[in-house]
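I opened the notebook to keep a record of what I looked up in this structure, entry by entry. The entries go from the whole chain to single residues.

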Amino acid sequence: MRDLIPSDMKDNVFPVPIRYVDLLSDAVGASAPVIGAGLVVFVSDGLPVGQAYIEGSENLGALAARAVLPETIQHARNVMQAPIRNRDVSLLICTKDRPDELARCLASIPRQSLPPVEVIVVDNASAGDDTRRIVEASGATYVRENRVGLDYARNAAVRAAKTEFLAFTDDDVVLHERWLENLMKAFDRPEVGCVTGLVLPGELSTPAQLIFETHWGFGRGYKRRDFGPDFYRQSAPFVAPAWLIGAGASQAFRRQVFDDIGLFDVRLDMGAAGCSGDSEFWNRLLHHGGTCRYEPTAVSWHFHRKEMKGLAKQIRQYMSGHVAALLVQYQNTGNLGNLWRILVSLPKHYLQKFGKWLRKEATSDNIFLRDEILGCLNGAWYVLRRWKTPAW
């Protein structure tokens, strides 16, 4: 099944085009052309401000009117015009055995409108010397962390950094030239302890990449949103959905946050339970009264996995990490909403999903149903066996 194209994607032509359209061009005026299927991202003053996926064809002007809000354009202009108050920032990247992807990511850093004080790459026990050579050739600082696990690597990066603000990205990401600047501009109030950014797909060349972007993608829209004490308190009975805050591939923190609430939990994320080290940390920050902000003008591009087999493994890891994080959050906070999601919400969700699967052939929404369920079971077992393991 993993090699099949889901029934709801059989009409797609791959690669799926991703078109960037400047709203200031004549192409979106009264005589706008009709364009074919694909993802259209609208840009204003160099920043993405809206998007739409079309399956057939549509007039570009009508599409822009539906996909782009005036307040979104105004927010992007306001951010562009705002002064940069926070410049003391380190850019941190964790990597393992992906030298080509790392080189592509590092190549986007010199173009940053706000140069970081330092770039630190943590090599999480890669084989061979390729990673070291690429890091040293870029002028970044190389740090080796031999304990396998993304959160071991993230914690090594935090310890190595010397600045007041710490920005993280992943090795399979390319950064918009204003990514770091706009992340830092979003720290305009002392209670904002974390800022995440908009992550767009770098390509949609295969069914696996389109499935990921459709159902598991990192984008959180084009509206700035603050997640603070009210968000945490109101959603606590059913667990605060911290995963809505953003993506670990694009996040920045005040260093003080790590001094106050600790480091990333090494039982979570890749190399351990599978995922959600970032969302657990955001949940912990909210529990301690902090605020996380999603800032859509801090743009980057993520290159999703191309093969269905690799995506199936990734989905297992995602759900394993999700359930593991819920247990860790319960351990840290005593919030019963975490157990409610594990014992009530997720089983109900998967029963409904299984019922839909029985009534029709595999679709992009349920083709990895088995992997999702096995991942959930693995995550619970993983953390319960390590309940008393030190978090960092």
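**Charges and overall form**

I looked first at the charges of the chain, and the mean positions of its 46 positive and 44 negative charges lie 5 Å apart. For this count Lys and Arg are positive and Asp and Glu negative, with His and the chain ends not counted, and each charge is placed at NZ of Lys, CZ of Arg, CG of Asp or CD of Glu.

I noted that this is a predicted model, in which local features need pLDDT of at least 70 and side-chain atom pairs count only at pLDDT 80 or more, while totals for chains, interfaces and linings use all residues. Residues are numbered from 1 along each chain as its sequence is written, and side-chain values use heavy atoms, with hydrogens and water left out.

I then listed the secondary structure and found 13 helices and 14 strands in the chain, where helices (H or I, at least four residues) and strands (E, at least two) are DSSP runs numbered from the N terminus. The radius of gyration is 21 Å, close to the 21 Å of the globule rule for 392 residues, so the chain is as compact as a globular protein of that length; the radius is taken over C-alpha atoms, and the rule is 2.2 Å times the number of residues to the power 0.38. Along its principal axes the C-alpha trace spans about 65 × 55 × 50 Å.

**Burial and cores**

I checked burial next: 56% of the 392 residues count as buried, where buried means under 20% relative accessible area, exposed over 50%, and partly exposed in between (1.4 Å probe, protein chains only). Nonpolar side chains tend to be buried together in soluble globular proteins.

I looked up the largest nonpolar core (buried Ala, Val, Leu, Ile, Met, Phe, Trp, Tyr and Cys residues joined through side-chain atoms within 4.5 Å), and of its 78 residues Val122, Phe168, Phe253, Phe258, Cys292 and Phe368 touch the most other members. Helix H11 (residues 308-333) gives the most to this core, with 12 residues. Apart from this core lies another of 28 residues, including Cys105 and Trp179.

I followed Cys292 further and, leaving aside neighbours within four places in sequence, found it in contact (heavy atoms within 4.5 Å) with residues including Cys194, Arg225, Asp226 and Trp282.

**Backbone exceptions**

I recalled that most residues other than glycine have a negative phi, and that most peptide bonds are trans. A cis peptide bond nevertheless joins Phe14 and Pro15, with omega about 0 degrees, and Pro15 sits in the segment before strand S1 (18-22).

Asp97 has a positive phi near 55 degrees and is found in the loop between strand S6 (89-95) and helix H3 (99-107). Asp269 also has a positive phi, of about 75 degrees, in the loop between helix H9 (255-261) and helix H10 (277-287). Which of them is buried or exposed? Asp97 is partly exposed at 37% relative accessibility, whereas Asp269 is buried at 4%.

**Pairs distant in sequence**

I traced Ile84, in the loop between helix H2 (70-81) and S6, and noted that Ile84 and Lys185 are 101 residues apart in sequence but 5.7 Å apart in space, C-alpha to C-alpha. Not counting residues up to four places away in sequence, Ile84 touches Leu114, Glu181 and Lys185.
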